[in-house]
Structure formats: structure tokens, C-alpha cells
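Colleague: I'm new to this, so please pick one part of this model and take me through it slowly. Spell out the terms as you go.

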Amino acid sequence: MPSSYDVIVVGLGGMGSAAAYHLASRGQRVLGLERFGPAHNLGSSHGGSRIYRQAYFEDPAYVPLLLRAHELWEKLTIDSGHEVFIETGGLMIGRENSAAFAGTLNSARQWDLDHEVLTAADIRRRFPTFRPAAEDIAFYERKAGVARPEATVTAHLELARAHGAELRFAEQVRGWEADGPGGRVWVATDRGVYTADRLVIAPGAWAPGLLPDLGVTVAVERQVMYWFQPEGGTGPFSADGHPVYIWEDPDGTQIYGFPALDGPEGGAKVAFFRKGVPSDPDSLDRRIHPDEIAAMTEYLRPRIPTLPGSFLKAAACMYANTPDEHFVVSAYPEHPRVTVACGFSGHGFKFVPVIGEILADLATEGTTKHPIALFDPRRVRV
């Protein structure tokens, strides 16, 4: 007979590891399945840093989730002993009508979030690494910061195991069936078959293969993260004085970046936002090409002049995008025993702790107190 559990979690990246922890901490008998190793660098939960911010230009409806996520980052730090979050402050730069500025300001005002508005002169004075145009303006948020993806996944996995979860790595899921024999869910891997009362699927970029009838297209894009050693060293970019940032140009191009987090030799990280190419997760081009490095270098020079002092390294990752760029977090259509989390569209990691809590709610209770109507797959059929 197949091994049996209360809940099986498929995918142990950011969202799945958090779900496994929250479920196990509630006394559920949990099996976690991951096709790669723990805290691996082959999906979307690697690269050393992700931006956390509370005033959200994508949609103010996300703000309550971000406030809860902040509480859970703090709890995870205490419970795990890992440095999973660093508060650095955050700067959203753009023209007055840009999404990065106007959308963020609207969100902050709607939820009464603490913030400052800075002119171009203010930006140059307080954060001299930046060279904004005279027409640029910025939103500054003190509570923004850096989430550490590998440390977060590791912390959730360790705590899940400490609460009794069984975690299996290098075991690829080949298929699943809901409402199978005995009214349970069945999961087949390349090593065996397992059954449970409930199933949580958090497959990242592999969503198209595992969730074929979701009703929402999840398109995978290759993205590149870059690390540079700034001219004159990392001192001006240190985390105790330099914020995370998003910078939007009048043509809509956005970059995002971080302070120097990993010592004087680690450099500072920066990337384009949503400037990727369609890709297959199983054949992702992980090479970094000279023209990609040159494009980022040239883009940075007039805006953050000392940052592209010398190129250190780069890494490819993936966005799994929905058509409207909002998440899918819901019961699987027609299968109430199955909960899905996917399509995080390049802005999901900052929500990892609260998404884990939501997935545990849905899997054990069928509902959640958190506002997730925006993430219903029935909102869009593309």
C-alpha cells in the first residue's frame, strides 16, 4: 500500500517550504516532495536577496498580507536563528506619474503607512550613490528591506522537520490524482506512490506541467541578476545606510537593487524587472552573455555611476507569470482537496511566510481569514 499522510506538499521552494512548516506546526502529518535539493538554485528562490516592501504599487490589496508577512519574518528569525530578513529602508524612484512612485504613494495613503516623499535633491543628499534626473521624485519607506531566500527556505525546512514533517529531495513528482480510491489524493513520483487527505502544490516554474487544468496560463521567463563591485568599494552601499530600491524610467523600464550584503568582496546586486525572455524551466539558458552584462552596465552608469565599477558575477532565475501578474492561491478548480500556489510573477517572495500560513489554512480548514480573492484562478481564463 502507498505511504499515507495528512497533507502532501509538492515543491519545497519558497512557498512550499513555508507551507510544510505551517502545516507541521499545526500537528499535521506532512510529506514534502522536492525534485531538486534543499534551498537549491534552479528555480526562483535563490540569489541571496529579495526586496520586501509594504506600500505596494502592484495593488493596495496586497498590503494586509505584507503586514502579516513582516510579523512572520520576525517570528521566523527568532524561531530559526537564521538571518532571514534585514530592514534597510526602501526607495521607489520615478516620475510623479510612474507606477513606482504614484502607485506606491497611493497604496501608502490608502493604508496609512509611514513614508516620506523625496525630491531629486533630497535623494542625492541622503543617498549619494543615486543620480536622479531633476524631474524624478521618490517614495521612501523605512520598513522596507531584504528577505534572504536561501536562508528563508532553509529555516522553514528545518522547522518543518523539527515539527515532524518528512521531507524528500531529489524525488520528482510524475503525476497526481484527486478524489481517487478512498476519496483521497494520490501522488506518483519517480520513486513511489503516496496518498493523503489533502494536497498542496507549489511548483514554481514547473506549474504548467503539474497544473494543466488550472484555467490560467503560467508563462515562464528567464531573468538575470547581476553583482558588481562598485568603484571605490562597497562602503557607500553598505546595508546600514543604503536602501533597497526600484527605479522606473519614463518609458516604463524598471531596475531594482540592493545594498552590499555579503562583505566588501560580495559586491552589490541589481537586475532589470520584467525584461526576460520566454523559457522552458527544464532547458533554461543559465549562461550569462556578454551583451547582457554590457546592457546592464550601460544602463547603470548615468543613474548609479559608481555601481558598475567591475562585474563580479550573474545568475539566471525564472519568473512564472500570470496574464495579470497577480498570484494564484486557491483550491484547485473542481478539486477541493487540492490547494495550489503558483504564478508569483516576479514579486512573490516577500510574501513567503504569509502564503505558507494561507496554504496551511486552506489545506486544513478550506478557508482563510486572509484576503485572497485577488488570487482566485477564476478571475481570468487565459
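Modeller: Let's start at Lys75, which is found in helix α2. Helices here are DSSP runs of H or I with at least four residues, strands are runs of E with at least two, and both are numbered from the N terminus. Before going on: this is a predicted model, where local features need pLDDT of at least 70 and side-chain atom pairs count only at pLDDT 80 or more, while totals for chains, interfaces and linings use all residues. Residues are numbered from 1 along each chain as its sequence is written, and side-chain values use heavy atoms, leaving out hydrogens and water.

Back to Lys75: it counts as partly exposed because its relative accessibility is 41%. The scale is buried under 20% relative accessible area, exposed over 50%, and partly exposed in between, using a 1.4 Å probe and protein chains only.

Now follow the helix itself. α2 covers residues 63–80 and lies across β3, β4 and β8, at about 120° to β3. For such angles, axes are lines fitted to C-alpha atoms (for helices, over the stretch in contact), and the angle between N-to-C directions runs from 0 to 180 degrees. Those three strands form an open sheet in the order β3-β8-β4, with antiparallel pairing. At its edges are β3 (50–52) and β4 (85–87), each pairing on one side only. On average, neighbouring strands in this sheet are turned by 30° against each other, direction ignored. Two strands pair if DSSP finds at least two bridges between them, and β3 has three bridges to β8 (residues 145–147). As an example, Arg50 has Ala147 as its bridge partner in β8. As background, strands of a sheet pair through backbone hydrogen bonds, either parallel or antiparallel.

What does His370 touch? This residue is found in the segment after α8, and its contacts include Leu65 and Arg68, along with Val354, Glu357, Ile358 and Asp361, leaving aside residues up to four places away in sequence. Contact here means heavy atoms within 4.5 Å. With a relative accessible area of 10%, His370 is buried. Its side chain also makes a polar contact of 2.8 Å with that of Glu357. A polar contact is a pair of N or O atoms within 3.5 Å; within protein, one must be able to donate a hydrogen and the other to accept it, and residues adjacent in sequence count only if both atoms are side-chain atoms.

Let's step over to the other side of α8. Ser345 lies in the loop between β20 (335–342) and α8 (352–365). Because its relative accessibility is 1%, Ser345 counts as buried. Its side chain reaches the backbone oxygen of Gly343 at 2.9 Å. That Gly343 is 268 residues along the chain from our starting point, Lys75, and their C-alpha atoms are separated by 26 Å. Ser345 also touches residues further off in sequence, among them Arg274, Tyr319 and His326.

Going back along the chain, β20 makes a hairpin with β19, with two residues between them, and Glu334 in the turn has a positive phi of about 75°. These two strands run antiparallel and are joined by five bridges; Val328, for one, has Cys342 as its bridge partner in β20. β19 (residues 328–332) is mostly covered, as four of its five residues are buried.
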